[in-house]
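Open the model in your viewer and keep the selection tool ready. We will go stop by stop.

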There are 2 protein chains.
Amino acid sequence: MTRILYSATMSLDGYIAGPGGDMSWLAEHLGGPNPVAEDLMGRIGALLVGARSFHGDDPNRGTDREGAFGGAWTGPSFVLTHRPPATPVPGVTFVTDLDSGLAAARAAAGDRCVNIIGADVAAQCLAAGQLDEIVVFIAPVLLGDGVRLFHRPGGAQVRLEQLAVTPEPVPCLSLRVRQPAAGSQH
Amino acid sequence: MTRILYSATMSLDGYIAGPGGDMSWLAEHLGGPNPVAEDLMGRIGALLVGARSFHGDDPNRGTDREGAFGGAWTGPSFVLTHRPPATPVPGVTFVTDLDSGLAAARAAAGDRCVNIIGADVAAQCLAAGQLDEIVVFIAPVLLGDGVRLFHRPGGAQVRLEQLAVTPEPVPCLSLRVRQPAAGSQH
């Protein structure tokens, strides 16, 4: 069974982007070798990316490090959007709903994981009981406002189980989703 | 010079309380021995507590673990509030503004640290360039909404420097505030 994981680099205070999707804060925390991120990428068979992340700010835009995993990702990417672009994008398949996006990404990933990129898609997967794991790199910065790692107005209590904590080069926490969120189909 | 630190247990997604200040989620993550928290408490000479934290929900209310550090804290506490209670509270000094609260807490702490409890007071200290360190315990849960570790509408970029990461029993990150926030008096 293909596992679905949500990975992100967040600020200490839980933001994956600043106000308006600003990602400029991230640039100074990228760049050096990160064996933990490389191991993670090796586990991944396909990306399922939210529209906001796909169309959004990339701190490496215009450089050879543009794109997922600092430009190192070369596998299949599925982008969930209601407005696919008119011209094809090499390596990217556009999907218009979560179920078909997950099905396509699972099929492409095979026995590796599907990596969710984007807080909205991750929250949708969680609500559907389809999220297995969360991997968070914690950058040494406070942002105070912006796009949160997870936002469900009114709150939730999604229990997790710690899988691993690696302190270097950037603290990274891996956790398993212990119970499906409300609305789960499991 | 007395150091000012902000400590909190937060959810993976950066909330220190749920909606309406709910702390019930925390109970299941407390209880066992936590040498990291005990070491932290040993460094602290005084608490400076926000009104919302002081009057708020305590997951241990009514038990012998009620209060800061699971009831183990016995030193001086200063509570920042515009509405001090009519009857004195043993061990608690009420202060009505940040400057006098910090001065009193520093004097009481001596060569140990002042520990800020409460996101609002911590944000005020940060804005005033008075916060030296942040210590965060990360509970394995997502809350999705509530009181954030740090909230500044419109955003900020407060750079931090990693001091320590301890994986067990609950991941704990200690960071030094690298640059004063906007509005700093430094």
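**Stop 1: inside the sheet**

Select E3(A) and E6(A): the two strands pair in the parallel sense over 5 bridges. Strands here are DSSP runs of E, at least two residues long, and helices are runs of H or I with at least four, both numbered from the N terminus. Two strands pair if DSSP finds at least two bridges between them. This is a predicted model: local features need pLDDT of at least 70, side-chain atom pairs count only at pLDDT 80 or more, and totals for chains, interfaces and linings use all residues. Residues are numbered from 1 along each chain as its sequence is written, chains are lettered from A and ligands numbered from 1 in the order in which they are written, and side-chain values use heavy atoms, leaving out hydrogens and water.

Now pick A:Val49. Its bridge partner in E6(A) is A:Ile117. In E4(A), A:Val49 stands opposite A:Val79. E3(A) and E4(A) also pair in the parallel sense, over 4 bridges.

Is E3(A) enclosed or open? Of its 7 residues, 7 are buried (under 20% relative accessible area, with exposed over 50% and partly exposed in between; 1.4 Å probe, protein chains only). E3(A) is therefore largely enclosed by the rest of the structure.

**Stop 2: the whole sheet**

Select the strands in this order: E5(A)-E4(A)-E3(A)-E6(A)-E1(A)-E7(A)-E11(A)-E10(A)-E8(B). They form an open sheet of 9 strands with mixed pairing. Strand E5 (92-95) of chain A and strand E8 (141-142) of chain B stand at the edges. Each has a single partner strand, so one side of each is left without a neighbour in the sheet.

For an antiparallel pair, select E10 (residues 158-166) and E11 (residues 172-177) of chain A, joined by 6 bridges. A:Ala164 has A:Ser174 as its bridge partner in E11(A).

**Stop 3: two cysteines**

How many disulfides does the structure hold? There are 0 over all chains (a disulfide is a pair of cysteine sulfur atoms within 2.5 Å). Select A:Cys113: the nearest cysteine sulfur, that of A:Cys125, is 13 Å away. A:Cys113 counts as buried, at 6% relative accessibility. A:Cys172 is buried too, at 2%.

**Stop 4: the two chains**

Show both chains. A turn of 180° and a shift of 0.0 Å along the axis lay chain A on chain B with an RMSD of 0.0 Å (least squares on the C-alpha atoms of residues with pLDDT of at least 70 in both). The two copies are thus related as by a two-fold rotation axis. Finish at A:Gly14: in chain A, its C-alpha is the nearest to the axis, 2.2 Å from it.
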